[in-house]
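Open the model in your viewer and keep the selection panel at hand. The stops below go from the whole chain to single residues.

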Amino acid sequence: MNRGNPILSAGNLVVKFDLRGRILTAIRGASLDLYEGETLAIVGESGSGKSVFTKSFIGMLDTNGWIDSGSIIFEGEDIAKYHTEEQWLRVRGKKISMVFQDPMTALSPLRSVGKQIEETVVLHQGLSGKHAEYAAIELLERVGISDPAARYRQYPHEFSGGMRQRVVIAIAMACKPRILICDEPTTALDVTIQAQILGLIKALQRDFNFTTIYITHDLGVVADVADRVTVMYAGTIVERGTAEEVFYDPRHPYTWALLSSLPQLGVKGRPLYSISGTPPNLFNDIVGDAFAPRNPRALTIDFVERPPEFKVSETHFASTWLLDPRAPRVEPPAAIRSLREKYASSLAGHGTSRDAEKSKGSES
């Protein structure tokens, strides 16, 4: 499938932080292409670099962090070279917006939600007075908040968690962005509200034609909304592909481990799988595959040399020595084999249904 040119392209990005004189390398040569209108999920454990990676797209790294090398090409410009707030304000909010994990920290408790949305409308749409107020009320209605004119005057503490997240989404949409980054937008919400928020973002994307990046530690959250999935570990991208490829034909042992940890893949009466060990210390140089010390299927070379990215298909890539033609055959865990079998079975079922429909059509 030819997607055309990427809307945003990060190339071999390295991001570092100075923590009391010690240098931490949070992003270690990560590359990513984002295409117009798609939904991309970036998944991985806490500390894998997901948020830092995407915050570098809008110049929101902490003051002790910087882009050390690499590029971020957006609208023909390398925005990784931006150094001033004035430069970033041409992109942040106006063209790339972000919905943060905790709406209570994103909203001011001292101002009504309507005024906070209105402020963004004034800044990015150039409206003022009653026109800005009406636009803010319209946005509240668009994100599914009932009686928006009355809610406009209320404060964040008067809203539930799910309603506050809708307000934060309304603020992001007031910018009319080309790209919307959603950083763990459903983490603090119950399952029912999670589904509503994901459905809302999907509907807004369809109506306003923006591109979405989801950041999450839970593959299950994005299973039904992502077109493509990128898996991050220790500041690098270890696997990327379509959602179907990553969910049903994963190739990196870390992706196997993440999927095996999903509660829905657990077996009644048996302990839920958990990944042993801890992520590497990013203050240190990492030799070989960063996941090797936690990988029971690691090869000797995993501890010696960092694996290159191997091509599985035109859209599927993984950085693991298991894909090297010289590597021994290593079977994935039982949970992954079960996923593959279920997927193959569902495809066969769809094929049978289609064949039956064709046969029925030819008989008539």
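What follows is a tour of a predicted model, one selection at a time.

**Stop 1: the whole chain**

Select everything and colour by secondary structure. The protein chain has twelve helices and twelve strands. Its radius of gyration is 22 Å, close to the 21 Å that the globule rule gives for 364 residues, so the protein chain is as compact as a globular protein of that length. Along the principal axes, the C-alpha atoms fill a box of roughly 75 × 70 × 45 Å.

Now switch to a surface. The accessible surface of the protein chain is about 18,300 Å². Carbon and sulfur atoms hold 51% of that surface. Of the 364 residues, 47% are buried. Turn on contacts as well. Among those with a separation of 6 or more, 65% link residues 24 or more positions apart.

Colour by charge next. There are 41 positive and 43 negative charges, and their mean positions lie 2 Å apart.

**Stop 2: the open antiparallel sheet**

Select β1 (8-19), β2 (22-34), β4 (65-74) and β5 (77-78). These four strands form an open sheet in the order β2-β1-β4-β5, with antiparallel pairing. β2 and β5 stand at the edges with a single partner strand each, so one side of each has no neighbour in the sheet.

Zoom in on β1 and β4. Eight bridges join β1 and β4 in the antiparallel sense. Pick Phe 17 to find one position: it stands opposite Gly 65 in β4.

**Stop 3: the loop at Arg 20**

Move along from β1 to Arg 20. Arg 20 lies in the loop between β1 and β2. Check its backbone: phi is positive, about 55°, although Arg 20 is not a glycine. Is Arg 20 buried or exposed? Arg 20 is exposed, with a relative accessible area of 88%.

**Stop 4: β3 and its partners**

Select residues 39-43, which make up β3. Five of its five residues are buried. Look at one side: Thr 39, Ala 41 and Val 43 are buried there. Flip the view, and Leu 40 and Ile 42 are buried on the other side.

Which strands does β3 pair with? One is β8, joined to β3 by five bridges and running parallel. Another is β9 (residues 228-233), joined to β3 by four bridges, also parallel.

Label a few partners. Thr 39 stands opposite Thr 212 in β8. Leu 40 stands opposite Ile 213 in β8. On the β9 pairing, Ile 42 has Thr 230 as its bridge partner.

In general, strands of a sheet pair through backbone hydrogen bonds, either parallel or antiparallel.

**Stop 5: β8 and β7**

Step across to β8 (211-216). Six of the six residues of β8 are buried, so the strand is largely enclosed by the rest of the structure. Thr 211, Ile 213 and Ile 215 are buried on one face. Thr 212, Tyr 214 and Thr 216 are buried on the other.

Add β7 (residues 179-183) to the selection. Five bridges join β7 to β8, and the two run parallel. For one position in this pairing, label Asp 183, which stands opposite Ile 215 in β8.

**Stop 6: the loop at Asn 209**

Back up from β8 to Asn 209. Asn 209 sits in the loop between α8 (191-208) and β8. What is the sign of its phi? The phi of Asn 209 is positive, about 55°, although the residue is not a glycine. Asn 209 counts as exposed, at 54% relative accessibility.

**Stop 7: helix α11**

Select residues 253-260 for helix α11. Eight of the eight residues of α11 are buried, so the helix is largely enclosed by the rest of the structure. Among them are Tyr 254, Trp 256, Leu 258 and Leu 259. Pro 253 and Ser 260 are buried too.

Finish on Ala 257, which belongs to α11. Ala 257 is buried, with a relative accessible area of 4%. Which residues does Ala 257 touch, not counting those up to four places away in sequence? Show Tyr 273, Ile 275 and Phe 291: Ala 257 touches these three.

For a last distance, pick the C-alpha atoms of Ala 257 and Gln 196. The two residues are 61 apart along the chain, and these atoms are separated by 28 Å.

Conventions: Residues are numbered from 1 along each chain as its sequence is written. This is a predicted model: local features need pLDDT of at least 70, side-chain atom pairs count only at pLDDT 80 or more; totals for chains, interfaces and linings use all residues. Side-chain values use heavy atoms; hydrogens and water are left out. The radius of gyration is taken over C-alpha atoms; the globule rule is 2.2 Å times the number of residues to the power 0.38. Buried means under 20% relative accessible area, exposed over 50%, partly exposed in between (1.4 Å probe, protein chains only). Contact means heavy atoms within 4.5 Å. Accessible areas come from the Shrake-Rupley method with a 1.4 Å probe; for residues, only the protein chains shown count as cover. Lys and Arg count as positive and Asp and Glu as negative; His and the chain ends are not counted. The place of a charge is taken as NZ of Lys, CZ of Arg, CG of Asp or CD of Glu. Two strands pair if DSSP finds at least two bridges between them.
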